[in-house]
Amino acid sequence: TIESNREYGLGRPDLVVLPHDKNLSALIFEFKAVKTTESETPEEAARDALEQCDRKKYTAGLSTRGYKKIQVMGIGFKGKELKMVW
């Protein structure tokens, strides 16, 4: 199941992928875009996205639904550059 901007924890992650088998990994994606005129790098934006997931406790919302394995990914974009951290 794919969900977008649904409430988990204290916020709304951009994208959540939920397997039907709760023993498999659920995936949380948070995206951050940086304007090409800004000094922030895509990697910094990706780390900010990851910190947001932690700060807003997105994984807690999935844990209460019975998912034991949860992967969290922050993805930062700047123009055509992309960085992903997990």
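A search of the whole structure, a predicted model, finds four salt bridges, a salt bridge being a side-chain nitrogen of Lys or Arg within 4 Å of a carboxyl oxygen of Asp or Glu. Residues are numbered from 1 along each chain as its sequence is written, and side-chain values use heavy atoms, with hydrogens and water left out. Because the model is predicted, local features need pLDDT of at least 70 and side-chain atom pairs count only at pLDDT 80 or more, while totals for chains, interfaces and linings use all residues.

One of the pairs joins E3 to R6, with 3.4 Å between the closest N and O atoms. E3 is buried at a relative accessible area of 8%, whereas R6 is partly exposed at 49%; here buried means under 20% relative accessible area, exposed over 50%, and partly exposed in between (1.4 Å probe, protein chains only). The accessible areas themselves come from the Shrake-Rupley method with a 1.4 Å probe, and for residues only the protein chains shown count as cover. E3 and R6 also belong, together with R65, to a network of salt bridges.

A further pair is E7 with R12, where the closest N and O atoms are 3.7 Å apart. E7 counts as exposed at 56% relative accessibility, and R12 as partly exposed at 48%.

Helix 1 brings us to E43 and R47, whose closest N and O atoms are 3.0 Å apart in their salt bridge. The two residues are separated by about one helical turn, because they are four residues apart in helix 1. Both partners are partly exposed, E43 at 35% and R47 at 42%.

Turning to unpaired charges, E44, D48, E51 and D54 form a negative surface patch. Patches are made of residues with over 30% relative accessible area and no salt bridge, like charges being joined within 9 Å and nonpolar side chains (Val, Leu, Ile, Met, Phe, Trp, Tyr) within 5 Å. Asp and Glu count as negative and Lys and Arg as positive, with His and the chain ends not counted; the place of a charge is NZ of Lys, CZ of Arg, CG of Asp or CD of Glu. D48 lies in helix 1, residues 42-55, and is partly exposed at 36% relative accessibility.

As for the overall fold, the protein has two helices and five strands, in the order β-β-β-α-α-β-β along the sequence. Helices (H or I, at least four residues) and strands (E, at least two) are DSSP runs numbered from the N terminus. Of the 86 residues, 35% count as buried.
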